[in-house]
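Trainee: I'm new to this one, so could you walk me through it?
Mentor: Gladly; let's put it on the screen and begin with a term that we will need.
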Amino acid sequence: MAADTRRESGVSRDSDSGRGSTAGGSAGGAESRSLGPVPLPAASRFRPLLGLLVPAALVVVWHLVVATGIIAAYQLPTPLRVAETLYGMAATGELWGHVAITVQRVVLGAGLGIVVGTVFGTATGLSRTASDLLDPLLQSLKNIPSLAWVPLFLLWFGIGESAKVLLIAVGAFFPVYLNLSTGIAAVDEELLEVAEVYDLGRVESLRRVVFPAALPDLLVGIRGGVGLAWMFVVAAELIAASQGIGFLLSDGRTLARPDIIVGSILLFAFLGNCSDVAVREVRDRVVGR
Amino acid sequence: MSSDADPVLAVDDLRKRYGDTVALDGVDLAVADGEFVAVVGPSGCGKSTLLRVLSGLEAEFAGRVAVDGADVREGGSDAVGMVFQEPRLLDWADVRENVAVGLPADVDPDTPAARERVDDLIETVGLDGFAGSRPDELSGGMAQRVSLARGLAYDPAVLLLDEPFSALDRLTKADQQDHLLDVWDARGTTVVLVTHDVEEAVYLADRVVVLGGQPGRVASVVDVEIDRPRERADPDLVALRREVTDALGR
């Protein structure tokens, strides 16, 4: 990150009184925060909608292959059928209970994982000793697949909420830990020298130099952690739950209701996307680019 | 402390090695209060090493280095500010916040007095109106002036400058040099400037210390007794420039 800045300032060194050639981009970024998105030129206004084109076409193809009997309806329901099922469950209120409990698990689990990951990442990033002690263990634990934890967590914590939340926390922990630890350890030596020359002291150099410098890495880690939280919630709910979208999935299989299965998958896709967009939005606001 | 002038910065028989490589081999230097000293030398002669020792970034060395009478390994470096070769700004922070990094530890940057001090410095280095800008919105010369303001905010007994203008184009460089002279003249800060640019050294400094050889030691000292403002084309200045160049063995 710091390297980027140096490169950019190199580009703009030719004029001193005028603004550098890179000023436009970043200044625009700063302004758009207060003024809202800059209106796009008419031609490219609909460009983001291009991304909807292929999914829309897929839905049409999906409908056609089922309607024409190429794929049997008991294996794959039509899109409309899925929508009807979801709507029906929403209307009776059944759906909201499942969605709410899943979202609650993800929020609690991801939150816990992020907090613990931040603590460990900070410790190992700052202290060589902590890193030598903990990093080899954590690096190998991260390779354990999510499903492998499930039986152990059930054994330890029962089938209650805590087992699920903890499992999700494990998933969210690793990306946060890995990114933050690396980010803190990689803070530009040149900036640390500045902090030393100006006697910022340990606490102040952490607050004013190290943490802000590692913030983008933390946010990358949080984004990955939230993504993994959704993976782990499925693992937890598929196997041991009486509520939640993952439970809906396995319930759909038991009841031979492909419309419920596909509907649950779409719900996961939608909610996962929402959380990713939210985290990205936070990152863009905080990092400002 | 040495006798009559009571130097702000005293270097006696400084020797510094990196592993088997001797970077500095017996450097002596005394800088008086308010003096502007330039240190020149070919690359690899240990110029930057000298500044790193003076600023307390290198704790391992032999000899004696004191600022205001205090050894740089025992708090003497606290009285030293440094402008690095690169601006080394916090790219997520605005100009005001970057300058505030230089405020001494006992000054709370959030007080109105501290803010005023920072704003004054931003004005001093000619960046009024850019207090809220971020480093990537500034040109190289402007960023280097933020770095200078940060050094001045520290209110150091000695301000060290490590080739601060070497990355700038010729015209910008000349402007920045004059600007540094103005600031130095207005504030009376003691300055040690390291440079490989002989013209710059002779134009700016009261005294030019020529480091030479490998390992580095003081090859010669050239006094520049020419009143300011100086003319870059002044024949006396040109003659001194030749003298320094000769001392460099070129």
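Mentor: A residue is called buried under 20% relative accessible area, exposed over 50%, and partly exposed in between, with a 1.4 Å probe and protein chains only. This is a predicted model, in which local features need pLDDT of at least 70 and side-chain atom pairs count only at pLDDT 80 or more, while totals for chains, interfaces and linings use all residues. Residues are numbered from 1 along each chain as its sequence is written, chains are lettered from A in the order in which they are written, and side-chain values use heavy atoms, leaving out hydrogens and water.
Trainee: How many salt bridges does the structure hold over all chains?
Mentor: There are 27 over all chains, where a salt bridge is a side-chain nitrogen of Lys or Arg within 4 Å of a carboxyl oxygen of Asp or Glu.
Trainee: Which side chain does B:D119 meet in a salt bridge?
Mentor: B:D119 pairs with B:R96, at 2.9 Å from N to O. The pair links distant parts of the chain, 23 residues apart, with B:D119 in helix 3 (residues 112–124) and B:R96 in helix 2 (residues 95–100) of chain B; helices (H or I, at least four residues) and strands (E, at least two) are DSSP runs, numbered from the N terminus.
Trainee: And are those two buried or exposed?
Mentor: Neither label applies, because B:D119 is partly exposed at 28% relative accessibility, and B:R96 is likewise partly exposed at 23%.
Trainee: What about B:D25, what does that one pair with?
Mentor: B:D25 forms a salt bridge with B:R217, at 3.2 Å from N to O. Here strand 2 (residues 21–31) of chain B holds B:D25 and strand 10 (residues 217–223) holds B:R217, so the two residues are 192 apart and the pair links distant parts of the chain.
Trainee: Is B:D71 buried or exposed?
Mentor: B:D71 is buried, with a relative accessible area of 18%, whereas its salt-bridge partner B:R73 is partly exposed at 38%.
Trainee: Switching to chain A, where does UniProt place the transmembrane regions?
Mentor: The unreviewed UniProt entry places them at several spans of chain A, including residues 141–159 and 165–187; UniProt positions are given in the numbering used here, feature names are shortened, and annotations may be inferred rather than shown by experiment.
Trainee: How much helix is in residues 165–187?
Mentor: That span of chain A is 91% helix and 0% strand, with its end C-alpha atoms 33 Å apart, while residues 141–159 are 68% helix and 0% strand, with end C-alpha atoms 23 Å apart.
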